[in-house]
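Got your viewer open? Load the model, switch to cartoon, and let's take a walk through it.

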Amino acid sequence: AEFRAAVARAARADASLVRAKLGHQGFAGVSDRLGVHALRRFLEKHVERQYRANVARVVPLLRQERQATESALRAADEELAALTPERLRRSAEAIADKFCR
């Protein structure tokens, strides 16, 4: 709340300064471009433009990542499906034999 109050005070001081420099008529033409609200509108528009410009590049990358992830998942599922207790026992025995030598 304190920060907001300080920003509001600074905005009023800035508006007063601009009004003093430009006069009432000149101030009316620029008042909508002053302050934090104008900056916020500008930044929101800028972010939206950047987002829209980059969507065309990001979507294909996301699709490639999705395909790679699905492929890795299928491979992991196949490996898990191939595991049987007997096969695990044989693998464990082979490792134990190598370790005990």
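How many salt bridges does the structure hold? Five, and we'll call at several of them on the way round. Keep in mind that this is a predicted model.

**Stop 1: colour by confidence**

Start with the pLDDT colouring. The protein has a mean pLDDT of 87, and 100% of its residues reach 70 or more. Confidence is lowest in α1, where the mean is 82, and highest in α2, at 91.

**Stop 2: α1**

Select residues 2-30, which make up helix α1. Pull up a distance between the C-alpha atoms at its two ends: they are only 27 Å apart, although the helix has 29 residues and a straight one would reach 42 Å at 1.5 Å a residue. Where is the kink in α1 centred? Put the camera on Gly23: the kink there is about 120°.

While you're on this helix, show the side chains of Ala15, Phe27 and Val30, the buried residues of α1. Then click on Ala13, also in helix α1. Is Ala13 buried or partly exposed? Ala13 counts as partly exposed because its relative accessibility is 47%, which falls between the 20% and 50% cut-offs. From Ala13, draw a line to Val47: the two are 34 residues apart along the chain, and their C-alpha atoms are separated by 28 Å.

**Stop 3: the surface of α2**

Now select residues 35-82, helix α2, and turn on the surface. Look for Leu39, Phe42 and Leu43, which form a nonpolar patch with about 300 Å² of accessible area together. Leu39 sits in α2 and is partly exposed, at a relative accessible area of 48%.

**Stop 4: two salt bridges along α2**

Stay on α2 and switch to sticks. A general point before you zoom in: side chains of opposite charge can pair when their charged atoms come close.

Pick Arg40 and Glu44 to begin with. Their side chains meet in a salt bridge, at 3.0 Å from N to O. Both residues lie in helix α2, four residues apart, or about one turn of the helix. Arg40 counts as exposed, at 55% relative accessibility, while Glu44 is partly exposed, with a relative accessible area of 43%.

Next, select Glu48 and Arg52. How far apart are the closest N and O atoms of Glu48 and Arg52? They are 2.9 Å apart, in another salt bridge. Again, both partners are in α2, with four residues, about one turn, from one to the other. Glu48 is partly exposed at 41% relative accessibility, and Arg52 is exposed at 60%.

**Stop 5: α3**

Last stop: residues 85-100, helix α3. Show Glu86 and Arg90, which lie in this helix four residues apart, about one turn. Salt bridges that share partners join Glu86, Arg89 and Arg90 into one network, so add Arg89 to your selection. Within that group, the side chains of Glu86 and Arg90 meet at 3.9 Å, N to O. That separation counts as a salt bridge because the cut-off is 4 Å. Finish by checking accessibility here: Glu86 is partly exposed at 39%, and Arg90 is partly exposed too, with a relative accessible area of 48%.

Definitions and conventions
Residues numbered from 1 in each chain as written. Predicted model: local features only at pLDDT ≥ 70, side-chain atom pairs only at ≥ 80, totals over all residues. Heavy atoms only, no water. Patch = residues over 30% accessible without salt bridge, like charges linked within 9 Å, V, L, I, M, F, W, Y side chains within 5 Å. Areas by Shrake-Rupley, 256 points an atom, 1.4 Å probe, with all protein chains shown as cover. Buried < 20%, exposed > 50% of the residue type's maximum accessible area, 1.4 Å probe, protein only. Expected span 1.5 Å × (residues − 1). Bend = angle between axes of the 7 residues up to and from the residue. pLDDT = per-residue confidence, 0-100.
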